Amino acid sequence: MKPINEMKLEFVSKSSNESFARATVSAFIAQLDPTIAELADIKTAISEAVTNCIVHAYKSSIGKIYITVQIFENGKSIIKIRDKGCGINNIKQAMEPLFTTGGDERAGLGFAVMQSFMDKVRVSSKPNKGTSITLEKNIIPRFIKNGQPS
Amino acid sequence: MDVKIKLTGNTLTACIEGDIDHHNAKEIRECIDQKIEEESPNLLELDFSKVQFMDSSGIGLIMGRYKLMHILDGKLQVINIPENIKKLIKLAGLASLNIIKE
Ligand SMILES: Nc1ncnc2c1ncn2[C@@H]1O[C@H](COP(=O)(O)OP(=O)(O)OP(=O)(O)O)[C@@H](O)[C@H]1O
Ligand SMILES: [Mg+2]
């Protein structure tokens, strides 16, 4: 299936860009006419993925973060968040709830949030090369939400 | 982002306004912890009524204050949690700590 629309975003790993990233991606996805709750889920998941790039991938440096978003006619949206940072050694362990290498002020819940707020989460990573997170969310079309045939 | 703090008897209430993400969490944390140090309250209330957005950085913020108040023999309570943040609070299992006031 071909996307009905797509966009690319590239920005540096400054924490002030966390709100920029979630606002921009959610503004783009607003075309699919999501509910407030669906949009809140997406904003939270984006914030988790982008924060991980800033806090973990580029821990002691500034690097670039790349986001692409594709939306489809059936309401599906695919969001990719990519960094060229330190990478993840053990993905399975990293995705376990409460696992963190981030110290006292981190809960270790970022991946758990992405998994429970989105329909699909895929992680691929290579140590010292970077990490790519693919998030999918199916926005339920309005006519189904309203219970009316189109 | 803004934090308004007031002391009533032995209760310190911190009203957090705006987004709680990694970018804002540090300033919110420093603001609250400094007042805790000055006032040594028995109860810390985190008032979430004006929180617009929160991600897992907010859970880290709550857990960090929970541990701090525990060390000081005090208690923590999170009050006025908006509907859109309840899902995250539930996922984090904070209800089992008895710090959520409905
Ligand atoms: N983009 C990334 N690059 C390198 N390591 C990462 C990346 N994303 C996650 N990690 C690793 O996976 C761990 C778990 O990530 P997760 O987001 O679940 O928790 P956290 O970021 O540690 O805490 P929280 O998200 O609750 O603040 C991190 O502590 C880090 O070690
Ligand atoms: Mg995280």
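**Close-up of ligand 1.** A polar contact here is a pair of N or O atoms within 3.5 Å. By that yardstick, a backbone N or O atom of A:Gly110 makes the cut, at 3.2 Å from an oxygen atom of ligand 1. Keep in mind that everything shown comes from a predicted model. A:Gly108 also joins in through its backbone, with a polar atom 2.9 Å from an oxygen atom of the ligand. Chain B chips in with a side chain: an N or O atom of B:Ser56 sits 3.0 Å from an oxygen atom of ligand 1. Step back a little and there are 20 residues around the ligand, of which A:His56, A:Thr100, A:Thr101, A:Arg106 and A:Leu109 come nearest. Chains A and B both supply residues to the surroundings of ligand 1, so this is a site shared between chains.

**Close-up of α2(A) against α4(A).** Helix α4 of chain A covers residues 110-117, and its axis comes within 9 Å of that of α2(A), crossing at roughly 150 degrees. Angles over 145 degrees count as roughly antiparallel, and the two helices are therefore roughly antiparallel to each other. Their crossing is left-handed. On the α2(A) side, look for A:Asp41, A:Thr44, A:Ala45, A:Glu48, A:Ala49 and A:Asn52; they meet A:Gly110, A:Phe111, A:Val113, A:Met114 and A:Phe117 of α4(A). Sorted by character, the contact residues come out as 6 nonpolar, 3 polar and 2 charged. A:Gly110 is a handy landmark for linking views, as it belongs to this helix contact and also has a backbone atom 3.2 Å from a ligand oxygen.

**Close-up of α1(A) against α2(A).** Here α2(A), residues 36-57, packs with α1(A), residues 17-29, at an angle of about 140 degrees, and the axes are 9 Å apart. The crossing is right-handed this time. From α1(A), the contact draws on A:Glu18, A:Ala21, A:Arg22, A:Val25, A:Ser26 and A:Ile29, while α2(A) brings A:Leu39, A:Ile42, A:Lys43, A:Ile46, A:Ser47, A:Val50, A:Thr51 and A:Ile54. That set splits into 8 nonpolar, 3 polar and 3 charged residues.

**Close-up of α1(B) against α2(B).** Over in chain B, helix α1 (residues 22-39) and helix α2 (residues 56-71) have axes that come within 10 Å and cross at roughly 20 degrees. With angles under 35 degrees counting as roughly parallel, α1(B) is therefore roughly parallel to α2(B). The crossing is right-handed. B:His22, B:Ala25, B:Ile28, B:Arg29, B:Ile32, B:Asp33 and B:Ile36 line up from α1(B), and they touch B:Ser57, B:Leu61, B:Arg65, B:Leu68 and B:Met69 of α2(B). Nonpolar residues number 7 in this contact, alongside 2 polar and 3 charged ones.

How values were computed
Residues are numbered from 1 along each chain as its sequence is written. Chains are lettered from A and ligands numbered from 1 in the order in which they are written. This is a predicted model: local features need pLDDT of at least 70, side-chain atom pairs count only at pLDDT 80 or more; totals for chains, interfaces and linings use all residues. Side-chain values use heavy atoms; hydrogens and water are left out. Axes are lines fitted to C-alpha atoms, for helices over the stretch in contact, and angles run from 0 to 180 degrees between N-to-C directions. Helices (H or I, at least four residues) and strands (E, at least two) are DSSP runs, numbered from the N terminus. A crossing is left-handed if the near helix is turned anticlockwise from the far one by less than a right angle, and right-handed if clockwise. Contact means heavy atoms within 4.5 Å. Ala, Val, Leu, Ile, Met, Phe, Trp, Tyr, Cys and Pro count as nonpolar, Asp, Glu, Lys and Arg as charged, and the others, Gly among them, as polar. Angles under 35 degrees count as roughly parallel, over 145 as roughly antiparallel, 65 to 115 as roughly perpendicular and the rest as oblique. A residue is near a molecule or strand if one of its heavy atoms lies within 4 Å of it. A polar contact is a pair of N or O atoms within 3.5 Å; within protein, one must be able to donate a hydrogen and the other to accept it, and residues adjacent in sequence count only if both atoms are side-chain atoms.
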